[in-house]
Amino acid sequence: MNNNSYIGECVICRQGRLEILKEKETGKLFIYCEECEAEWETPQDALINQNGSCFKYGLAESAPLKDIKKAGWFSYITERP
């Protein structure tokens, strides 16, 4: 996990860490739980468990900080415990 993209703990499984990822094919950013593999379209949805999905996105990688800032999601990044 990239420390630059951690936004908190998963509200579904309470074990996984939430990370901002970037889908390789489309370049779309999304939130992903490393443990239960839940996904959300926005940090807001992930932090309150709204509109979640699984397997919606394809291959992904940690989102670059410049993309996170451009999306307006930088304020959601927090220090990993």
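1. How many bridges pair strand β1 (residues 6–9) with β2, and in which sense do the two strands run? In this predicted model, β1 and β2 pair in the antiparallel sense over three bridges. Within that pairing, G8 stands opposite L18 in β2, a position from which a reader new to the structure may start tracing the strands.

2. As an overview, the protein has two helices and six strands, and read along the sequence these elements follow the pattern β-β-β-β-α-β-β-α. The radius of gyration is 11 Å, close to the 12 Å that the globule rule gives for 81 residues, so the protein is as compact as a globular protein of that length. Along its principal axes the C-alpha trace spans about 30 × 25 × 20 Å.

3. Strand β2 (residues 17–23) deserves attention, as several pairings involve this strand. Besides its pairing with β1, β2 is joined by five bridges to β3, with the two strands running antiparallel, and three bridges join β2 to β6, again in an antiparallel arrangement. Individual positions help to locate these contacts: I20 has I31 in β3 as its bridge partner, E19 has Y32 in β3, and K22 has E61 in β6. Five of the seven residues of β2 are buried, so this strand is largely enclosed by the rest of the structure.

4. Strand β3 (residues 29–33) can be read in a similar way. In addition to the five bridges with β2, β3 pairs with strand β4 (residues 38–40) in the antiparallel sense over two bridges. I31 is a useful landmark here, since this residue is the bridge partner of I20 and also has W40 in β4 as a bridge partner. Four of the five residues of β3 are buried, so the strand is largely enclosed by the rest of the structure.

5. The two hairpins that involve β3 may be examined together. In the hairpin of β2 and β3, five residues lie between the strands, and G27 takes a positive phi near 80°. In the hairpin of β3 and β4, four residues lie between the strands, and E37 takes a positive phi near 65°.

6. Turning to the aromatic side chains, the count comes to one aromatic pair. F30 and Y57 form this pair, which is stacked, with 3.9 Å from centre to centre and 5° between the planes. The pair links distant parts of the chain, for F30 belongs to strand β3 whereas Y57 lies in the loop between β5 (53–54) and β6 (60–62), the two residues being 27 residues apart. Where do the two partners stand, buried or exposed? F30 is buried, because its relative accessible area is 2%, and Y57 also counts as buried, because its relative accessibility is 11%; the cut-off for this class is under 20%.

7. A separate contact concerns a charge and a ring: the charged end of K69 sits over the ring of F74, at 5.2 Å from the centre of that ring.

8. Some totals for the whole protein complete the picture. Of its 81 residues, 32% count as buried, and the accessible surface comes to about 4800 Å², of which 45% belongs to carbon and sulfur atoms. Among the contacts with a separation of 6 or more, residues 24 or more positions apart account for 47%, and the stacked pair of F30 and Y57, 27 residues apart, offers an example of a link between distant parts of the chain.

Conventions:
Residues are numbered from 1 along each chain as its sequence is written. This is a predicted model: local features need pLDDT of at least 70, side-chain atom pairs count only at pLDDT 80 or more; totals for chains, interfaces and linings use all residues. Side-chain values use heavy atoms; hydrogens and water are left out. Rings of Phe, Tyr and Trp (its six-membered ring) pair if their centres lie within 6.5 Å; planes under 30 degrees apart count as stacked, over 60 as edge-to-face and the rest as tilted. Buried means under 20% relative accessible area, exposed over 50%, partly exposed in between (1.4 Å probe, protein chains only). A charge sits over a ring if NZ of Lys or CZ of Arg is within 6 Å of the ring centre and within 35 degrees of the ring normal. Two strands pair if DSSP finds at least two bridges between them. The radius of gyration is taken over C-alpha atoms; the globule rule is 2.2 Å times the number of residues to the power 0.38. Contact means heavy atoms within 4.5 Å. Accessible areas come from the Shrake-Rupley method with a 1.4 Å probe; for residues, only the protein chains shown count as cover.
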